[in-house]
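Please look through the sequence and the 3D structure shown here, and keep both in view while you read the report that goes with them.

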Amino acid sequence: MTNIQDIFKKSNVAVITGGASGIGLAAAKYFAGRGMSVAIADLGGDRLADAANDLKAIAGEENVMAVETDVAVKESLEALERAVLQRFGRVHVLMNNAGIGPETSIFSPQANWDHIFAVNLMGVINGTRTFGPKMLSHGEPGLIINTGSKQGITTPPGNPAYNISKSGVKVFTEALQHELRNTEGGKISAHLLIPGFVFTGLTKGDRAEKPAAAWTPEQTVDFMVESLERGDFYILCPDNDVARPVDERRMAWAAGDIIENRPPLSRWHKDYADSFKAFLEQK
C-alpha cells in the first residue's frame with residue numbers, strides 16, 4: 001500500500017478537473033496546502049481565475065496554473081496534459097472530478113444524454129487514458145481519483161442518464177485499479193470517490209444556504225484523504241443525514257434485486273415498500 005505522504009508532498013503535482021468550485025476546488029486547496037503544485041481545469045474564465053487566485057494565496061503563483069478545459073473534448077484534455085507537463089514536468093495526482101447533472105428521462109432530448117455521457121463518463125475515461133501512461137512511466141508513486149456517485153450504485157429513479165454515467169465511472173475505475181495493480185513496476189493506484197450529499201453548485205439548486213443534511217466540500221475532501229490513508233478503493237462518504245450503515249443496506253438491497261429476482265428498482269416499488277423498510281431497520 002502506498003504511503004500517501006510520499007505523494008501529497010512539496011514538488012509533486014496534482015491535476016484536478018472541475019477544479020474551479022465544489023469538491024474539486026476543496027481538493028485543490030488541500031493539495032496546495034500540502035506544498036504540491038496544482039493545475040485546475042474547468043470552464044468559465046472568471047470563475048477559473050478566481051479559483052486560481054485563491055490557490056496562489058496558499059501555494060504561491062509559481063505553483064498554480066489554471067487551464068480552461070472542456071473534458072467532453074478529448075483534444076482539450078490532451079492540450080491540458082501538454083500544458084501541465086511543459087510547466088511542471090510530471091503528474092502525481094489526477095482527480096477526474098468534472099461533472100454535470102441536467103435532468104433527463106428515458107425519452108428526453110438526445111442533447112442532454114450526449115452531454116452527460118461526454119462529461120461525466122468520457123471525461124473520466126479520456127482523462128485517465130490521456131494522463132495515465134506518463135504517470136506510470138515516470139516511476140514515482142501516484143493516484144488517480146475518479147469522482148463517482150451513490151446514484152451510480154443504487155440508480156434511483158429520476159435521472160437515468162446521470163445514473164448510467166456514474167455507473168460507468170464505477171465500472172471503469174474498478175477495471176482501472178485491477179489493471180494498475182497488475183502492472184509490473186507500476187506505482188499508480190486508482191480510487192473511486194463516492195460523495196454523499198455535498199453542497200456544491202451541482203446540488204444546491206436555488207438554495208443560498210447549505211442544508212443541515214449536507215456536507216461541505218471540505219468535509220468530503222477530509223474524508224477522502226482519511227480513506228486514502230487507509231488504502232481504501234471505495235471512498236464511500238456519509239453526510240449529516242445518511243450514515244454508512246444506511247448506505248450499505250441501500251446498496252445491498254439494490255444488488256438483491258438480481259439475487260432475489262425482484263422487479264428492478266424494487267426499493268421504489270409499492271409492493272416492496274414494507275419489505276425494504278423492514279430490511280433497512282434490521283439490526
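The report below goes through the nonpolar core, the salt bridges, a charged surface patch, two backbone angles and some distances.

## The nonpolar core

This is a predicted model, and a careful reading can begin with its interior. The largest nonpolar core has 36 residues, and the residues with the most contacts inside this core are Phe8, Phe31 and Met224. Several elements each supply at least two residues of the core, namely the strands β1 (13-17), β2 (37-42), β4 (93-96) and β5 (142-147), together with the helices α1 (22-33), α2 (45-59) and α7. Of these, α1 gives the most, with seven residues. As a general background, nonpolar side chains in soluble globular proteins tend to be buried together.

Phenylalanine 8, one of the residues with the most contacts in the core, lies in the segment before β1. Its relative accessible area is 1%, and because buried means under 20%, phenylalanine 8 counts as buried. Valine 13 is found in strand β1, and with a relative accessible area of 2% this valine is buried by the same cut-off.

## Salt bridges

The structure holds nine salt bridges, and three of them are described here, including the pair formed by the side chains of glutamate 248 and arginine 244, which meet at 2.7 Å, N to O. Because glutamate 248 and arginine 244 are four residues apart in helix α8 (residues 244-259), they are separated by about one helical turn. Glutamate 248 has a relative accessibility of 39% and therefore counts as partly exposed, and arginine 244, at 41%, counts as partly exposed too. In general, side chains of opposite charge can pair when their charged atoms come close.

A second salt bridge joins the side chains of aspartate 257 and arginine 262, at 2.8 Å, N to O. Where do aspartate 257 and arginine 262 lie, buried or exposed? Aspartate 257 is buried, and arginine 262 is buried as well. A further salt bridge links lysine 270 with aspartate 271, whose side chains meet at 3.3 Å, N to O. Lysine 270 counts as exposed because its relative accessibility is 71%, and aspartate 271 counts as exposed at 53%.

## A patch of negative charge

On the surface, Glu218, Asp222, Glu226 and Glu229 gather in a patch of negative charge. One of these residues, glutamate 229, is found in helix α7, which covers residues 217-230. With a relative accessibility of 42%, glutamate 229 counts as partly exposed. Helix α7 therefore has two parts to play in this description, since it contains glutamate 229 of the patch and also supplies at least two residues of the largest nonpolar core.

## Two positive phi angles

Which residues other than glycine have a positive phi? One of them is threonine 155, whose phi is near 45°, and another is asparagine 261, with a phi of about 60°.

Threonine 155 is found in the loop between α5 (151-154) and α6 (160-181), where its relative accessible area of 27% makes it partly exposed. Asparagine 261 is likewise found in a loop, the one between α8 and α9 (273-281), and at 69% relative accessibility asparagine 261 counts as exposed.

## Sequence separation and distance in space

Some pairs of residues allow their separation along the chain to be set beside their separation in space. Lysine 210 has its place in the loop between β6 (188-194) and α7, and at 34% relative accessibility lysine 210 counts as partly exposed. Lysine 210 and threonine 200 are ten residues apart in sequence, and their C-alpha atoms are 8.8 Å apart in space.

Glycine 22 is found in helix α1 and is partly exposed, with a relative accessible area of 22%. How far apart in space are glycine 22 and histidine 178, which are 156 residues apart in sequence? From C-alpha to C-alpha, glycine 22 and histidine 178 are 29 Å apart.

Two further pairs involve the buried residues described under the first heading. Valine 13 and leucine 43 are 30 residues apart in sequence and 21 Å apart in space, C-alpha to C-alpha. Phenylalanine 8 and alanine 49 are 41 residues apart along the chain, and their C-alpha atoms are separated by 24 Å.

Methods:
Residues numbered from 1 in each chain as written. Predicted model: local features only at pLDDT ≥ 70, side-chain atom pairs only at ≥ 80, totals over all residues. Heavy atoms only, no water. Patch = residues over 30% accessible without salt bridge, like charges linked within 9 Å, V, L, I, M, F, W, Y side chains within 5 Å. Areas by Shrake-Rupley, 256 points an atom, 1.4 Å probe, with all protein chains shown as cover. Salt bridge = Lys/Arg side-chain N within 4 Å of Asp/Glu carboxyl O. Lys, Arg positive; Asp, Glu negative; His and termini not counted. Charge placed at Lys NZ, Arg CZ, Asp CG, Glu CD. Buried < 20%, exposed > 50% of the residue type's maximum accessible area, 1.4 Å probe, protein only. Core = buried A, V, L, I, M, F, W, Y, C linked by side-chain atoms within 4.5 Å.
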